[in-house]
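Here are a few exercises on charge pairs, confidence and a pocket, each with a solution to check yourself against. Have your viewer open and try each task before reading on.

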Amino acid sequence: MKKTILWSFLIGAFSLAQAQNKKAETPITVTTKVETKAQVSNSRVLDPDMSVVTNGEITVKGQKVPYKTTAGTIPVWDEAGKIIASCFYTYYERSDIKDKSTRPLVFSFNGGPGSASVWMHIAYTGPKVLNIDDEGYPVQPYGYKDNPYSILDVADIIFIDPINTGFSRIVNAETPKSTFFGVKADIKYLSEWLNTFVSRANRWASPKYIIGESYGTNRVSGMALELQSNHWMYLNGVVLVSPTDLGIKRDETMGDALRLPYFSAVAWYHKALGAGLQSKDLTDMLPEVEDFTVKELIPALAKGGFLPEADKKAIASKMSKYSGLSEEVLMQNNLRISTNHFWKELLRDRGYTVGRLDSRYLGIDSKDGGEKPEYNAELTSWLHSFTPPINMYLREELNFKTDLKYNMFGPVHPWERDDVNLAENLRLAMAQNPYLHVLTQSGYYDGACDYFNAKFNLWQMDQSGKTKERLSWKGYRSGHMMYLRREDLKQANEDLREFIKNTTPKTGQAAKY
């Protein structure tokens with residue numbers, strides 16, 4: 001899995017976001033009571049330290065859950081105590097529970113880098129979800145509705161927008177951008193910010209969890225150790241949604257081989273496999289492909305040009321069976337197929353391309369020839385599903401009034417790509433903290449951060465195997481944002497709910513080996 005995946009996602013999505021910068025109106029019944037703690041300015045300059053409070057109620061699993069929402073900003077200070085930036089956040093806390101000492105608190109980040117927290121905020125764990133169809137496709141009028149699967153019944157949640165995303169901005173123009181925009185810098189200032197938030201919210205006693213999606217998995221893996229090492233804040237759980245490679249090295253041969261199970265899942269979804277495999281359920285079919293990948297494909301690719309021709313043809317035959325691609329195409333490319341080529345090739349004979357971040361989505365190109373799709377079919381769908389609702393929700397229902405643009409994707413470049421093995425940071429945090437568990441959630445049809453590479457992360461994170469009982473993985477029948485599919489929204493939240501319940505220690509349970 002290449003690092004360029006994340007950068008191309010950001011650049012492509014950012015350009016599309018510019019075309020979607022228009023408000024839409026939809027009838028929404030607002031049931032929240034507004035309690036303004038600080039006046040929000042209708043200008044393009046925000047107070048770096050302010051908040052607005054509203055109250056709401058949702059029903060989760062048949063239970064009424066009243067909650068208080070705080071939308072606001074908290075500063076980022078330099079070492080001299082000078083305000084240099086301001087982070088916007090949305091904090092949900094269940095209001096009928098007074099004792100917060102045993103109430104779990106979840107910190108939520110998305111990725112990019114350069115992405116706001118909007119995606120998981122109004123489509124996954126929060127009290128509101130997008131108005132989309134059951135498979136995740138946009139519908140009009142745009143809008144949002146109550147989330148009956150939110151984890152707010154079992155945990156409070158804060159969604160944080162890193163600097164230059166959402167309403168978060170640099171305040172002091174003289175501050176070097178390298179203070180915020182880089183792997184290590186990002187981890188450092190956000191950990192410092194969380195320390196401030198936890199102190200202000202009086203949540204030091206609470207069990208704490210951190211969830212990140214896509215590049216956000218890099219962020220939270222690093223923050224788990226940073227919070228322990230420099231803030232003495234120990235987490236109970238880290239959740240990795242559609243994780244990157246986390247800094248675990250893959251050479252070209254390994255990277256090429258590990259894609260095959262994803263190819264097979266997508267081919268199965270589009271009914272491009274032979275009758276024998278197509279007749280099986282997805283999760284019954286994939287173990288066979290995974291076994292072939294590890295035991296036969298990796299060793300074959302390792303031999304390169306010295307693989308005997310007969311063996312090469314035999315491998316091509318099996319790869320064709322599992323990928324839905326022709327033996328001819330596989331042989332022409334020396335058994336190595338890039339994701340771009342796959343997205344273009346799989347349904348070429350039907351006149352379609354398949355999406356990158358969610359390969360259930362179909363695209364149409366100006367010509368069927370070529371080696372890659374002209375655009376990412378899923379991104380055009382997602383951006384016009386998300387942009388109007390987040391603006392409507394924050395500005396109208398949460399009463400956060402400002403003329404400042406909410407950056408779905410913000411300017412964070414150049415980004416310092418420090419060469420850090422963040423999986424090792426997470427392993428070390430787990431070794432030092434017996435309470436700490438990790439849950440990985442992957443969509444089978446995600447071509448950017450594919451599910452089998454996520455499994456590979458877990459295998460390689462701790463080669464001693466001493467923490468494997470605290471590492472778990474869950475798969476879902478959708479893509480990068482698996483929660484857009486209603487069935488997976490329900491199941492993924494339930495998996496989070498069980499993870500939190502199972503990793504919140506009982507009273508008196510000691511953290512020891």
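The exercises below work through a predicted model.

**Exercise 1. Find where the pLDDT is under 50, and decide how to treat that stretch.**

Step 1: Start with the whole chain, which averages a pLDDT of 92, with 92% of the residues scoring at least 70.
Step 2: Now look for the weak spot: pLDDT stays under 50 over residues 1-38.
Step 3: The model does have 88 contacts beyond four places in sequence for residues 1-38. Still, where pLDDT is low, predicted coordinates should not be read in detail.

**Exercise 2. Work out whether D156 and R103, which meet in a salt bridge, are buried or exposed, and which parts of the chain they link.**

Step 1: Check the distance. The N to O separation between the two side chains is 2.9 Å, and the cut-off for a salt bridge is 4 Å.
Step 2: Place the partners. D156 sits in strand β8 (residues 156-161), while R103 is in the loop between β4 (83-94) and β5 (105-109), 53 residues apart.
Step 3: Check accessibility: D156 and R103 are both buried.
Step 4: Look for shared partners. Salt bridges join K68, E93, K100, R103, D156 and R203 into one network.

**Exercise 3. Set the K128 and E397 salt bridge beside the one between D281 and R477, and say which residues are buried and which partly exposed.**

Step 1: K128 and E397 pair at 3.7 Å, N to O. K128 belongs to strand β6 (residues 128-130) and E397 to helix α12 (residues 377-397), so this salt bridge ties together parts 269 residues apart in sequence.
Step 2: K128 has a relative accessible area of 5% and E397 one of 2%. Buried means under 20%, so K128 and E397 are buried.
Step 3: D281 and R477 pair at 2.6 Å, N to O. D281 is in the loop between α7 (275-278) and α8 (282-302), and R477 is in the loop between β15 (471-476) and α15 (486-503), 196 residues apart.
Step 4: D281 comes out at 30% relative accessibility and R477 at 24%, so D281 and R477 count as partly exposed.

**Exercise 4. Describe the lining of the second largest pocket: which element gives the most, and what is the mix by class?**

Step 1: The volume of the second largest pocket is about 320 Å³.
Step 2: It has 14 lining residues, and W77, D78, E79, I84 and T179 are the closest to its centre.
Step 3: β3 (63-77) and α3 (183-200) each give two or more residues to this lining, and α3 gives the most, with four.
Step 4: By class, the lining has six nonpolar, three polar and five charged residues.

Key: Residues numbered from 1 in each chain as written. Predicted model: local features only at pLDDT ≥ 70, side-chain atom pairs only at ≥ 80, totals over all residues. Heavy atoms only, no water. Buried < 20%, exposed > 50% of the residue type's maximum accessible area, 1.4 Å probe, protein only. pLDDT = per-residue confidence, 0-100. Contact = heavy atoms within 4.5 Å. 1 Å grid on protein atoms, 1.4 Å probe; cavity = no way out; pocket = protein on both sides within 12 Å on 5 of 7 lines; lining within 4 Å. Points joined across faces, edges and corners; volume = space filled by probe spheres on them. Nonpolar A, V, L, I, M, F, W, Y, C, P; charged D, E, K, R; others polar.
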